[in-house]
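Please keep the model open beside these notes. The points below go through it one topic at a time.

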Amino acid sequence: MIETSKFIAQKPVLKSILSLSIPIILANIIQSMYQMTDSFWVGRLGGSALASVSICSPIIFLTVALGIGFAIAGSTLVAQYFGAKNYSMVSHSAAQTLLLITFISLIFSSLGYIFAPQILSLMGANSEIFAMALGFLRVSFLAVIFNFSFFMFQSIMRSIGRPQIPVLIVAMTALLNFFLDPLFIFGWKAIPGFGVQGAAVATLFTQGIAAIIGLAILFGGKYGVDLKIKHFAPDFKFMKKAFWIGLPTSIEQSSRNFVMTLVISLVASFGTTAVASYGAGMNINQVAIMVGVGLAIANGTLVGQNIGAKRLDQAIKISKISALMSFVVLSFLGFLSL
């Protein structure tokens, strides 16, 4: 295992940040292509169909942000043990955070599925789009456990210096989703068309594949993490620690998406066309946000590795440079959007 574990944190600071953040940003942008693909194909069904997906997007992004927050907490702990070269605890912490995030995802998925009608009503979904949005949203909530599991896999791979692997998996499944969307939306031969709901079915299928591949890699032990069934014996003390580390991050990650949810509730009062237009713009905005998120995750991973290796001066230096890079890059993207 030690031969396959090469610290990104031992490279020069700027090179470390770039070598880790670029694959993360690519993976996040490709991940956001799911929503763009859904909008592209669903738009063929008309403005009302597109509006039904658009009004669900902030809710999905909100759920995703909550999952990312807890995944970041897990990656921080994994990175610290990896930096300290405590490889047995790398596998233990990876398994326990996977166990925690599975439990949390089941709660979110169940509550979201049950209360989806009430959520859409609060968001102002009118009768023209309500039924289509409900079908799409409920299937999307079923996919939460796959989403969260893959987020955790991504975080673990980044923590041990293997950020390229999730990029390849996301690229493959996003491409598959592009072809499955029209298949499940419009149908073909013996496969019935599900309309708007079909876009969510395609996403459920492809994200399930991504999660299974990720777990297979973690159990395979080839890339620095070697999970065994014994690692999943509940360690409530560790899970409690991971939960309280992840909760503030999860709240911070989701606060922006919560505001977006409130905004689209106001936009819904202007009608179906307004919702569809806002949703298209929001998808583009998410791409810019993913750049900032990628830099933040890279910073957290590198700082965690250096803290684990007791290199506090290097951790502080990385944080300062990462903050400066985020400010410059996001300011530039903001300028381009004017």
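1. Over residues 1-6, pLDDT (the predictor's confidence in each residue, from 0 to 100) stays under 50. For these residues the model has 13 contacts (heavy atoms within 4.5 Å) beyond four places in sequence. Where pLDDT is low, the predicted coordinates should not be read in detail.

2. This is a predicted model, in which local features need pLDDT of at least 70 and side-chain atom pairs count only at pLDDT 80 or more, while totals for chains, interfaces and linings use all residues. Residues are numbered from 1 along each chain as its sequence is written, and side-chain values use heavy atoms, without hydrogens and water.

3. The chain has a mean pLDDT of 82, with 92% of its residues at 70 or more. Among its elements, helix 4 has the highest mean pLDDT (94) and helix 9 (residues 272-308) the lowest (73). Helices are DSSP runs of H or I, at least four residues, numbered from the N terminus.

4. Helix 4 (residues 130-142) contains Phe136. Phe136 counts as buried (under 20% relative accessible area, 1.4 Å probe, protein chains only) because its relative accessibility is 2%. Leaving out residues up to four places away in sequence, Phe136 touches Asp38, Val53, Cys56, Ile60, Val196, Gln197, Ala199 and Ala200.

5. Helix 5 (residues 144-159) packs against helix 7 (residues 196-220) at about 40 degrees, and their axes lie 8 Å apart. Helix 5 is therefore oblique to helix 7 (oblique covers angles other than those under 35, over 145 or from 65 to 115 degrees).

Conventions
Helices (H or I, at least four residues) and strands (E, at least two) are DSSP runs, numbered from the N terminus. Buried means under 20% relative accessible area, exposed over 50%, partly exposed in between (1.4 Å probe, protein chains only). Axes are lines fitted to C-alpha atoms, for helices over the stretch in contact, and angles run from 0 to 180 degrees between N-to-C directions.
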